[in-house]
Structures are given as C-alpha cells and as structure tokens.
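Thanks for sharing this one. Here are my notes, set out point by point so you can follow along on screen.

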Amino acid sequence: MTRNEIADVLSEIGTLLELQGENPFKVRAYQAGARAIEALGNDAFERLLAEGGLEGVRGIGTALSAKIAELHATGRLDFFERLKASIAPGLVEMLQIPGLGPKKIKVLHDKLGIASIAELERACTDGRVAALTGFGEKTQANLLAGIANRVAYGKRHLWWNAWALAEPIVAGLRALAGVLRAEAAGSLRRGMETVGDLDFIVAAASAEPVVDWFVSRPGVAAITARGETKASVRYESGLQADLRIVPEAQFVFALHHFTGSKDHNVQMRQRALARGLSLSEWGLAPAEGAETVKAKVQASHPVAVPESEEGLFALLDLQPIPPELREGLGEIEAAEQGAIPRLIELGDLRGAFHNHTTESDGASTLAEMAAAADALGWEYLGIADHSKSSYQARGLDEERLMRQIEEIRLSNASGRHRTRILTGVECDILPDGTLDLDDEILGRLDYVVASVHSSFAQDEATMTARIVRAIEHPMTTILGHVTGRLLQRREGYQVDLSRVIDAAASHGVVIELNASPYRVDMDWRHWRAAAERGVLCAINPDAHDTAGLAHIRAGINSARKGWLRREDVLNTLPLRDVMARLRRRRIAS
DNA sequence: GCCGTTTTCGGCCCGACTGTTTTCAGTCG
C-alpha cells in the first residue's frame, strides 16, 4: 500500500474512533499520524520503512509504526477491518451535515437506530429528533436544511472566485467608520487552490455597526450566526463567510490564528509552551496558572502587543513566515534557522509562455493579446496555440503555424508594442509519447510547450513513459499542465510525478505551473522537492483571452506555497536571458 | 495513541456561538 493510501486509512481510523466515542486525544493521534507520513515525502517514507520503521518520526509511536508497517507490507490491517465492520457506514457520511458531530450522531444511532442520512431525514420529518434530550425543534429544522443543501454547502470554491468575492468585502470593511484594520484570513490568505469558507478579521472600537454592514451585503442568502463579536453568512453560491471583530490589541493574534493552518497553529502553540508561554487568538501570556489566555491578557497590562505578524513571530524567536507557507510542513523549523526564502512575487514576473489566440481556441486576437501584455508592462508574451491533433481546439498544423510565425515576426518588426511576442506552440504529446508536429517546424520556434490532451485513461506506467519520452525529445522546452487535472471537475491522469520530475531535471526541461484557476498544475505540494532537484518553473496563465492573463496571480500563490524563489522561475528573467536559456536547451540537446 | 529539562503518568491548543438548558454540551474553526 502506498504512503498516501496509508495516510487515508489512518485518517479514516480517526474518524471511526471518533464515532465510537473514543478518547479525543487518541483520535487526534491517528490524524496527526496521517499528516506526519504525508509530510514525510515518498523517499524518506520508503527509506525509513526499509531501515526498520517510522517510530521516532514526530507523531508516530510504537502502535502507529506497527500499523503502518502492516499496511505497507500486506495492504490490510486487522484492527481497521474490525473497526469498519463494527460501525454502520452511514454514520460516517452523517458527519457531512453541518451541526452534526460524533456525539450527536451516537445519540441518534443509540436512541433512534438512525444509521444513514436518509433515515435521519425521515426521523426529522416525523418529529422524532426534536423529542430527544439535547435536541429540539430548532436543531431538527437545521438538520433538515443541512441535508437539503449538503451538496452546495459541502463544496469547496476556487480560490479565484472566492478572492473576487472577498476583495470588495475587505475594501468595504476598511472604509467603515470605526474600523481600524481589516483582513481576509483563512485558506484564501494562504493561497490554497480551493477555499472552504471566507474569514474576515476586523479591529474596531464598536462591533455592532460592522456586523450590521456585513450581514446586509448583496448576495447574502442566509445569516447563520450573529453574536456580539462574530457573525456568519452564507452567500448564494453556497460559500460561507465568517466575520470576527476584535479589539485592536488582539488583531495580530486573531489574524494569525484564523489564517492557520491548523497544523501550523498547533506547532506554534507547542513552541510557545516550550518557552513557558501560552498562545491563542487572544494573545501571548505566561503558561502557568489555570486561567485562560484571554483572562491573563485582559488582567495583566501591559502584555506584548506586536504591531504586525512579523512581531508575533519575533516573540517566539522566529523569522517571519509568509501566510502561504503556514501548512505545518517544516516552515517553523526553517524560520528557526533563518532559512525562510524570499518567495517569488507577482512583480517579479516579466512575461509568460503559454497563451492562446483566436488562431486556435482563444477568444482574443494576437494583436489584442499583445496590447494587453503591453498594458501589464510585460517584456515578452509567448503565444502557444494548440497543435493539429487537438482538433476540437482548432489546433494548428505545420502550415498554419508557419504563417503564425511570420505574423508574429511582422508584428514585432512593426514596433506597435513594447512587449516582444515569442513564437511557441502547445504541442500535443501523442499517446505513444511522440510530438504532434515535425521537428523541422518545431525548430523554428522560440520554444515548445508539450502537453497531454488525449488518452487520459492510460495506466500510470504508460502515461509516465509517454510523458518521459516527450521530455526526452530534444525540441521540448516546457512540459505543460503535468497532471491535466481540472479542480472540482476532473482528476488528473495517473502519472508518477517523481519520475517525471527526475526526467525534467536531467534533460533541462522546464515544468509549467499552469495558473489557470481550474488547473493550478503542477500542484504546489510537489514544487519544493522539484526545485531542490534543479527543475526550473514557468508560471503560465494559459490565457484564452486578454482577461485570462490576470490568472497568473493564482499561479503566484501556488509558486509561493511551493517555496519557490525568483531564481526558480524562468519568466522572472529579462528577455535577453530568457532567449539565451531557451537556446541553451536546444544546443544541449 | 503520543510524548517527556513537568520523563513512564498524566497531560494533550483554545475560545465563540447555538440550542438546549437553568449552568452547559456539542460543534466549529
């Protein structure tokens, strides 16, 4: 069984134990174990197993180590099988209903014999749920609403769409009288490719007018909570948004806390405790004594009140950690050693390579795309329309591509745009791993982006060999959208990314970070290791119209999450250096 | 189930809101 599959089993054991009413700390230990092996990486995981086991990895002790070894060797685990058999499978899916946790599910199961969402719905309709101790009419009505809307409510939202909704809210909050500071926190601020809900943190002298404004925004479909310091609303899209209002002295701590991630926060709190301090969204206080951090902070003035998150990290002897890195994946250890890199920024980019025009499936003409890149101040804009096998996208054959090269040459010569247009193509990688166009025409281009657009269902070995063969082709400059995933629409194809990354590293092929908000492919979770192996990244918007060029912002998020620096990204280079790098690949091959 | 300069037991991150209660449990983040 693979590392990821084992992590899933541990996580599921945690859920099942929770439903059984097990000790919550035991539950957390299984979930922490799952995260620990996910964070380990494949190579370290396999090496440690070969060397005798994972005991000693933080979060994995004797019991988990033995279970992991059994799963790895045999693909099954008696303990897990027995646990699964003892719990009705419908109870797990009931956890999806908002307001239902393990305790209530256990009561519903024990008292009413409910073991599925369908049975729960009937019991609510009959009024049997409201009659239970600890439940009531309101709970019953909320459960029915939760069941009816569970698809819409449970869905995550593309970062791009969530950002478009959040930006004007932050601006509106900041413009309110009495608001001192306002930020969006949560996974949006961490730049995750999808966002579960929005979190807004506001420092204000008086909360009520802020809450009033927030719950009466256009597009609010329901107000799900409304207290003195907090409100929650649900938008028509199903996206939920939480607002928290705090005193100014608490703002930095609240912003850090609600930015997360959970793993990062747990590690930060453990670090505080190791220094005799207790950290919460309320502040930082001495750990001794039984009172809450809140009580201590409010009782003892003055306490440390940092102006910014940088100041908060400094209180724990840490270098500032950018929000994108706060995933509990080694950023605190790096910050301790002063090893947090200067991450790439939007302003570092000087152009991009993978964009379409009306010649294939784009909606803007070459001239329109050039003018838009000019307006962005880009030094270069690469055009890479589809090749002939992508028939549905009106892909170009050798002859049409030749004409496009000439058109681009004339456009550059005319001096109409400061932005230099580069000639490229998004060339299909055919099912056998060969490229879709003749070497002769490919050699006339500035570069070639090679991408898979067909036969997605090939097995992992076939797909991996196919892509590696394309990487080995001397004309290939950039490997396009490595897995082909479309977030929330389609899984990526099966491919061994570790082998693809190795092949790209040894052949000097650049790997694309496709910044289309639906793709964000290759995923940020692989970039740190890829860059360490010497792979260069190209952040490409894959724009199909002029507005699509802005999507490059979504790519910057993921590049930052992947610990990439300016020097790891090809399109931060000035034009002359880019041309030299593209030529070097040709000469080397 | 994990962990340890609080070390083999007894902790384990912390707080707000809702709905049910009449002082609090459960859920959520």
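The points below go from the overall fold to the DNA, then to one helix pair and a few backbone details.

1. Please keep in mind throughout that this is a predicted model. All the values in this note are computed from it.

2. Let's begin with the whole chain. Chain A contains 26 helices and 17 strands. Its radius of gyration is 27 Å, close to the 25 Å that the globule rule gives for 589 residues, so chain A is as compact as a globular protein of that length. Along the principal axes, the C-alpha atoms of chain A fill a box of roughly 75 × 60 × 55 Å.

3. Next, the DNA. Strand B is surrounded by 43 residues, and the closest are Gly61, Gly101, Lys104, Gly136 and Gly227. Sorted by class, the residues of this surface comprise 17 polar, 13 nonpolar and 13 charged.

4. Which helix gives the largest share of the surface near DNA strand B? That is H9, residues 137-148, with four residues. This makes a good place to start if you want to look at the DNA side of the model helix by helix.

5. H9 also packs against another helix, H8 (residues 117-126), with an angle of about 140 degrees between them and their axes 10 Å apart. An angle over 145 degrees would count as roughly antiparallel, so at about 140 degrees H8 is oblique to H9. The crossing of H8 past H9 is left-handed.

6. Which residues meet where these two helices touch? From H8 come Ile117, Leu120, Glu121 and Cys124, while H9 brings Gln140, Leu143, Leu144 and Ile147. By class, this contact of H8 with H9 has six nonpolar residues, one polar and one charged.

7. Two cis peptide bonds deserve a look while you have the backbone displayed. One joins Gly260 and Ser261, with omega about -5 degrees. Ser261 sits in the loop between helix H14 (251-259) and helix H15 (262-274). Another runs from Asp521 to Met522, where omega is near 15 degrees. Met522 belongs to the loop between strand E16 (510-514) and helix H24 (527-532).

8. Finally, a word on Arg394. Its phi is near 55 degrees, a positive value in a residue other than glycine. You will find Arg394 in the loop that runs between strand E11 (380-383) and helix H20 (398-414).

Definitions and conventions
Residues are numbered from 1 along each chain as its sequence is written. Chains are lettered from A and ligands numbered from 1 in the order in which they are written. This is a predicted model: local features need pLDDT of at least 70, side-chain atom pairs count only at pLDDT 80 or more; totals for chains, interfaces and linings use all residues. A residue is near a molecule or strand if its C-beta atom, placed from the backbone, lies within 6 Å of it. Ala, Val, Leu, Ile, Met, Phe, Trp, Tyr, Cys and Pro count as nonpolar, Asp, Glu, Lys and Arg as charged, and the others, Gly among them, as polar. Axes are lines fitted to C-alpha atoms, for helices over the stretch in contact, and angles run from 0 to 180 degrees between N-to-C directions. Angles under 35 degrees count as roughly parallel, over 145 as roughly antiparallel, 65 to 115 as roughly perpendicular and the rest as oblique. A crossing is left-handed if the near helix is turned anticlockwise from the far one by less than a right angle, and right-handed if clockwise. Two residues are in contact if their C-beta atoms, placed from the backbone, lie within 7 Å. The radius of gyration is taken over C-alpha atoms; the globule rule is 2.2 Å times the number of residues to the power 0.38.
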